[in-house]
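User: I am new to this structure. Please take a close look at how its helices pack against each other, and walk me through the residues involved.

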Amino acid sequence: MNVLHQIQRVAQTIPVIIIMSIVLWSYYAFVVSLCAVLPSPELKTVYMLVYHVVFIVFCASYLRAIFSDSGAVPPQFYLTASEKEGLDRSPDPRVYLESVGQRLPVHEVTLTNSVRYCEVCLCY
């Protein structure tokens, strides 16, 4: 399982590397290629100032999104043992999940208008 976990960690970094490569390329393209050929120093200054403000805000929010914890499912969203047993015995699991889910503050539905439910985690 340790090797599988390491492979998963490497696979998760691939999108981040791709996005960072695009961001660095855009920085090079704007700052070096575009701003270098602008005739007016005042225009260069304005363009560079605006671009760097937007660039810093983007990088800060992107890094914050990458490194923030995704959190955990609150305990109230898990099925109890008796609710799981009732789900197993129910002839129509969708109707049973809708009735049990009425106690929750959030009601999400799928494209087929049935209650969202994770069969692996046993939670809404």
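Analyst: What follows is a tour of two helix pairs, with a few residues outside the contacts.

A caution comes before the details. This is a predicted model.

Two packed helices are described by the angle between their axes and the distance between the axes. Start with helix 1 and helix 2. Helix 1 covers residues 2–34, and helix 2 covers residues 41–67. Their axes lie 12 Å apart, and the packing angle is about 175 degrees. Angles over 145 degrees count as roughly antiparallel. Helix 1 is therefore roughly antiparallel to helix 2.

Which residues make this contact? From helix 1 come Pro 15, Val 16, Ile 19, Met 20, Val 23, Ser 26, Tyr 27, Phe 30 and Val 31. Helix 2 supplies Tyr 47, Met 48, Tyr 51, His 52, Phe 55, Phe 58, Cys 59, Tyr 62 and Ile 66. By class, 16 of the residues in the contact of helix 1 with helix 2 are nonpolar and 2 are polar. No charged residues take part in that contact.

Now look at the rings. The structure holds 6 aromatic pairs. One of them joins Tyr 27 and Phe 55. Their ring centres are 5.0 Å apart, with 45 degrees between the planes, and the pair is tilted. Tyr 27 sits in helix 1 and Phe 55 in helix 2, so this pair links distant parts of the chain, 28 residues apart. The two partners differ in how they meet the surface. Tyr 27 counts as partly exposed because its relative accessibility is 28%. Phe 55 has 17% relative accessibility, so Phe 55 counts as buried.

A second pair is formed by Phe 30 and Tyr 51. The pair is stacked, at 4.4 Å centre to centre and 20 degrees between the planes. Phe 30 lies in helix 1 and Tyr 51 in helix 2, so the pair ties together parts 21 residues apart in sequence. Tyr 51 is buried, with a relative accessible area of 16%. Ring pairs also build a cluster, made of Tyr 27, Phe 30, Tyr 47, Tyr 51 and Phe 55.

These two helices have exposed residues too. Ile 17 is in helix 1. Its relative accessible area is 52%, so Ile 17 is exposed. Ile 17 and Leu 111 are 94 residues apart in sequence, and their C-alpha atoms are 32 Å apart. Ile 56 belongs to helix 2. At 55% relative accessibility, Ile 56 counts as exposed. The C-alpha atoms of Ile 56 and Thr 110 are separated by 37 Å, and these residues are 54 places apart along the chain.

Next comes the other helix pair. Helix 3 is made of residues 81–89, and helix 4 of residues 93–100. Their axes come within 9 Å and cross at roughly 155 degrees. Helix 3 and helix 4 are therefore roughly antiparallel to each other. On the helix 3 side, Ser 82, Glu 83, Gly 86 and Leu 87 make the contact. On the helix 4 side are Pro 93, Tyr 96, Leu 97 and Val 100. The residues of this contact divide into 5 nonpolar, 2 polar and 1 charged.

Which residues of helix 3 are buried? They are Glu 83, Gly 86 and Leu 87. These residues cover an arc of only 100 degrees around the axis, which puts them on the same side of helix 3. An α-helix has 3.6 residues a turn, so residues three or four places apart point the same way. Helix 4 is among what covers the buried residues of helix 3. On the other side of helix 3, Ala 81, Ser 82, Asp 88 and Arg 89 are exposed.

Glu 83 merits its own stop. Glu 83 is in helix 3. With a relative accessible area of 13%, Glu 83 is buried. Leaving out residues up to four places away in sequence, Glu 83 touches Tyr 78, Tyr 96, Val 100 and Arg 103.

Follow that list to Tyr 78. This residue is in the loop between helix 2 and helix 3. Tyr 78 counts as partly exposed because its relative accessibility is 33%. Not counting neighbours within four places in sequence, Tyr 78 is in contact with Val 73, Glu 83, Arg 103, Cys 121, Leu 122 and Cys 123. Tyr 78 and Val 95 are 17 residues apart along the chain, and their C-alpha atoms are separated by 17 Å.

Methods. Residues are numbered from 1 along each chain as its sequence is written. This is a predicted model: local features need pLDDT of at least 70, side-chain atom pairs count only at pLDDT 80 or more; totals for chains, interfaces and linings use all residues. Side-chain values use heavy atoms; hydrogens and water are left out. Rings of Phe, Tyr and Trp (its six-membered ring) pair if their centres lie within 6.5 Å; planes under 30 degrees apart count as stacked, over 60 as edge-to-face and the rest as tilted. Helices (H or I, at least four residues) and strands (E, at least two) are DSSP runs, numbered from the N terminus. Buried means under 20% relative accessible area, exposed over 50%, partly exposed in between (1.4 Å probe, protein chains only). Axes are lines fitted to C-alpha atoms, for helices over the stretch in contact, and angles run from 0 to 180 degrees between N-to-C directions. Angles under 35 degrees count as roughly parallel, over 145 as roughly antiparallel, 65 to 115 as roughly perpendicular and the rest as oblique. Contact means heavy atoms within 4.5 Å. Ala, Val, Leu, Ile, Met, Phe, Trp, Tyr, Cys and Pro count as nonpolar, Asp, Glu, Lys and Arg as charged, and the others, Gly among them, as polar. The arc is that of the directions from the helix axis to the C-beta atoms.
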